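Please open the model in a viewer and follow the stops below in order. Each stop names what to select and then states what is found there.

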Amino acid sequence: MIINPQAKHIKITPSSYREIFYNLYPRLLSFCIKYVKDPFAAEEIVEECMLYLWERKNDLAEVMDLKSYLYTMVRNKAYAYLKKNSKVVSLDSGFGESVSQEDEYIIEEEVHATLIAALNTLPEKCRRVFELSCLEGLKYKDIAEDMGISVNTVKSQRSRAIELLKTQLKDNPLLLIYLSMMLKNQIF
């Protein structure tokens, strides 16, 4: 994405749009699903927003933060979808949520995306052991049988994955805390 610092004008080219799409689409989709509770509707909403962005790529002079702009657009489209498709809106649908709850969703998606990116840089065996152990909650014995390796190899590969992730995330204390909580609670 090319940004003119004096005019603060965002210029979206085909290659920058592709980068924006691949980086933000999964996060926006996950964010939207929290509101509409329907993956298919969420896909349509996010795709509609991304198409709108492309169609209006030359009209973004007033947009200062593209990521916030897209999250806001997705949230507003999700609200419109809920309003249109529901005669009765339940109290937990998100209409009464404060800005801090929405910010929590955005931060959660950003942290999750950063952790996934770090996880994808791990060596294949390390990553697989980490996924099975920490993300899927399988026992070491089951992982060893599944992968055809010893239980001690599972333990060492898991430890290696955790150390590599800690090294990659050392400059971001929030992500290290999230990783520690994930390992403690076995959630992701």
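The tour begins with the whole chain and then proceeds from one selection to the next.

**The whole chain**

Please note at the outset that this is a predicted model. Display the protein chain as a cartoon: eight helices and two strands appear. Read from the N terminus on, the elements run β-β-α-α-α-α-α-α-α-α. Colour the chain by burial next; of its 188 residues, 36% count as buried.

**Helix H1 and serine 16**

Select helix H1, residues 14-36, and within it serine 16. Is serine 16 buried or exposed? Its relative accessible area is 4%, and serine 16 is therefore buried, since buried means under 20%. Now add threonine 13 to the selection and show its backbone. The side chain of serine 16 reaches the backbone nitrogen of threonine 13 at 2.7 Å.

**The loop between H1 and H2**

Move on to lysine 37, which is found in the loop between H1 and H2. What is the sign of phi at lysine 37? Phi is near 60°, a positive value in a residue other than glycine. Lysine 37 counts as exposed, at 59% relative accessibility.

**Helix H2 beside leucine 29**

Select glutamate 43, whose place is in helix H2. With a relative accessible area of 31%, glutamate 43 is partly exposed. Add leucine 29 and draw a line between the two C-alpha atoms. Glutamate 43 and leucine 29 are 14 residues apart along the chain, and their C-alpha atoms are separated by 6.3 Å.

**A salt bridge between H2 and H3**

Before the next selection, one general point is useful: side chains of opposite charge can pair when their charged atoms come close. The count in this model comes to six salt bridges. One of them is found by selecting glutamate 48 and lysine 77, whose closest N and O atoms are 2.9 Å apart. Which parts of the chain does this pair link? Glutamate 48 lies in helix H2 (residues 39-55) and lysine 77 in helix H3 (residues 66-85), so that distant parts of the chain, 29 residues apart, are linked. Both partners are partly exposed: glutamate 48 has a relative accessibility of 41%, and lysine 77 has a relative accessible area of 30%.

**The loop between H2 and H3**

Go next to alanine 61, in the loop between H2 and H3. Alanine 61 counts as partly exposed at 38% relative accessibility. Add lysine 11 to the view. How far apart are alanine 61 and lysine 11 in sequence and in space? The separation is 50 residues in sequence and 8.4 Å in space, C-alpha to C-alpha.

**A network of charges on helix H5**

Select glutamate 124 and arginine 127 and show their side chains, which meet in a salt bridge with an N to O distance of 2.6 Å. Because they are three residues apart in helix H5, glutamate 124 and arginine 127 are separated by about one helical turn. Their surroundings can be compared by relative accessibility: glutamate 124 is exposed at 51%, whereas arginine 127 counts as buried at 17%.

Extend the selection to arginine 128 and glutamate 131. These residues also form a salt bridge, and the closest N and O atoms are 3.9 Å apart. Glutamate 131 and arginine 128 are likewise three residues apart in helix H5, and therefore about one helical turn separates them. Arginine 128 counts as partly exposed, at 29% relative accessibility, while glutamate 131 is buried, with a relative accessible area of 16%. Keep the four residues on display: salt bridges that share partners join Glu124, Arg127, Arg128 and Glu131 into one network.

**A negative patch on the surface**

For the last stop, select glutamate 136, in the loop between helix H5 (124-135) and helix H6 (140-147). Glutamate 136 is exposed, with a relative accessible area of 52%. Switch to a surface display and add Asp142, Glu145 and Asp146. What do these residues form together with Glu136? The four residues Glu136, Asp142, Glu145 and Asp146 form a negative surface patch.

Notes
Residues are numbered from 1 along each chain as its sequence is written. This is a predicted model: local features need pLDDT of at least 70, side-chain atom pairs count only at pLDDT 80 or more; totals for chains, interfaces and linings use all residues. Side-chain values use heavy atoms; hydrogens and water are left out. Patches are made of residues with over 30% relative accessible area and no salt bridge: like charges are joined within 9 Å, nonpolar side chains (Val, Leu, Ile, Met, Phe, Trp, Tyr) within 5 Å. Accessible areas come from the Shrake-Rupley method with a 1.4 Å probe; for residues, only the protein chains shown count as cover. Lys and Arg count as positive and Asp and Glu as negative; His and the chain ends are not counted. The place of a charge is taken as NZ of Lys, CZ of Arg, CG of Asp or CD of Glu. Helices (H or I, at least four residues) and strands (E, at least two) are DSSP runs, numbered from the N terminus. Buried means under 20% relative accessible area, exposed over 50%, partly exposed in between (1.4 Å probe, protein chains only). A polar contact is a pair of N or O atoms within 3.5 Å; within protein, one must be able to donate a hydrogen and the other to accept it, and residues adjacent in sequence count only if both atoms are side-chain atoms.
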